[in-house]
Amino acid sequence: MKEYVRDVYHDEIRDGFLVTLDRKKVWNVELNLLVEFDRICKKYGLIYFMSYGTLLGAVRHKGFIPWDDDIDLMLPRPDYNRLKEVIADELPPYYFFQDIYTDKQFVLGMSKLRDSRTAAIQYPEVKDINQGIFIDIDALDDTSDGSPEEEEILAIQGEVWATVYNPQGVLEGIRQGATSYLSTKELLALIELPQEERMRQFEAIAAERYGSSRMVNILVPAVCGWRQSYERQWFKDLIELPFESLWLPAPAAYDEVLSSSYGDYHQFVPGISAHENLLFSADISYTECLKEINFS
């Protein structure tokens with residue numbers, strides 16, 4: 001494995017935060033995953049760019065946020081769909097592209113590229129799901145610009161997503177007479193489909209409407225109301241920014257993107273990682289961890 005993090009085997013103080021060698025080894029696994037991902041994207045002419053904490057880290061720290069432990073990447077929906085068609089045949093055997101179609105227990109509306117030789121244990125009770133160290137890969141989709149038509153489409157997408165993620169909740173809503181944009185017949189027909197086919201329906205709507213709105217976002221947070229949307233024009237042009245020892249694509253309008261997400265993003269707010277509950281190891285595989293460690 002190549003070393004993309006400086007002085008990877010030594011602890012280091014970054015911006016007043018202790019970055020341990022164990023964290024740096026996890027970072028290095030993620031950067032090796034990213035380099036392979038970048039190779040595939042360049043081979044097939046796919047557009048991608050840093051997002052969320054990775055974009056913030058690139059702009060503010062020229063690398064990882066010291067207290068963070070993941071990589072967030074985003075592709076426009078057409079490029080994301082093309083990636084899913086080609087990536088499996090491009091990967092070495094120890095890398096795994098994970099989504100609902102390759103791992104039926106993975107129901108997050110996104111994808112991860114994992115290193116199966118490592119561990120990032122989030123679900124210790126689940127033995128047959130890949131839990132190697134990962135990078136997050138999201139599609140950038142159209143979301144509502146506030147018009148009645150766009151609001152209705154987003155609501156319909158939310159209902160289709162509910163049949164993927166929480167079909168029992170949809171059935172309970174039908175029993176209680178909840179109002180919906182889709183008819184009861186349509187909802188029941190969706191629920192009767194295999195889960196991955198429901199996901200195909202969800203993604204098909206996203207692909208069909210791509211380019212129709214001035215606002216974009218990751219779709220699942222948008223339909224769930226978890227994150228605000230962005231102006232499409234902010235992602236029109238890309239530049240490269242330094243990230244550890246690499247240069248990676250980023251929106252040229254990164255200031256607008258980050259200000260929208262974080263407000264005054266230049267202010268440090270040290271905290272814990274969103275994955276602080278994961279057991280990470282760059283040296284032991286997730287299969288060994290699940291077999292040998294008592295998580296109870």
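User: How do the residues of the lining of the largest cavity divide into nonpolar, polar and charged?

Analyst: The structure is a predicted model, in which local features need pLDDT of at least 70 and side-chain atom pairs count only at pLDDT 80 or more, while totals for chains, interfaces and linings use all residues. Residues are numbered from 1 along each chain as its sequence is written, and side-chain values use heavy atoms, with hydrogens and water left out. With Ala, Val, Leu, Ile, Met, Phe, Trp, Tyr, Cys and Pro taken as nonpolar, Asp, Glu, Lys and Arg as charged, and the others, Gly among them, as polar, the lining comes to eleven nonpolar, two polar and no charged residues.

User: How much space lies in the largest cavity, and which residues are the closest to its centre?

Analyst: The structure holds three cavities of 30 Å³ or more (a cavity being a set of points, on a 1 Å grid over the protein atoms alone, where a 1.4 Å probe fits but cannot get out). The largest of them has about 70 Å³ of space (the space filled by probe spheres set on the points, which are joined across faces, edges and corners). Of the 13 residues that line it (those with an atom within 4 Å of a point), the closest to the centre are Ser51, Tyr52, Leu55, Tyr230 and Val257.

User: Which element gives the most to the lining of the largest cavity?

Analyst: At least two lining residues each come from β3 (49–50), α2 (52–61) and α9 (254–262), where helices (H or I, at least four residues) and strands (E, at least two) are DSSP runs numbered from the N terminus. With four residues, the element that gives the most to this lining is α9.

User: How many charged residues does the lining of the second largest cavity have?

Analyst: The second largest cavity, with a volume of about 50 Å³, is lined by Arg77, Tyr80, Gly109, Ala139, Asp141, Phe202, Ile218, Leu219 and Val220. Elements supplying at least two of these residues each are α3 (77–90), β8 (133–143) and α8 (219–224). By class the lining holds six nonpolar residues and one polar residue, and its charged residues number two.

User: What is the orientation of α3 and α7 to each other?

Analyst: The axes of α3 and helix α7 (residues 195–208) come within 9 Å and cross at roughly 135° (axes being lines fitted to C-alpha atoms over the stretch in contact, with angles from 0 to 180 degrees between N-to-C directions). Their contact (heavy atoms within 4.5 Å) is made by Arg77, Tyr80, Asn81 and Lys84 of α3 and by Glu203, Ala206 and Ala207 of α7. Angles under 35 degrees count as roughly parallel, over 145 as roughly antiparallel, 65 to 115 as roughly perpendicular and the rest as oblique, and α3 and α7 are therefore oblique.

User: How does α4 lie relative to α7?

Analyst: Gln157, Val160, Trp161, Thr163 and Val164 in α4 meet Gln195, Arg198, Met199, Gln201, Phe202, Ile205 and Ala206 in α7, and by class this contact has seven nonpolar, four polar and one charged. Helix α4 (residues 148–165) packs against α7 at an angle of about 160°, with the axes 8 Å apart. That angle makes the pair roughly antiparallel.

User: Which residues of α6 make the contact with α4?

Analyst: Helix α6 (residues 184–192) and α4 pack at an angle of about 35°, with their axes 9 Å apart. On the α4 side, the contact is made by Glu159, Val160 and Thr163, and on the α6 side by Leu187, Leu190 and Ile191.

Methods: On a 1 Å grid over the protein atoms alone, a cavity is a set of points where a 1.4 Å probe fits but cannot get out, and a pocket is an open set with protein on both sides within 12 Å along at least five of seven lines; lining residues have an atom within 4 Å of a point.
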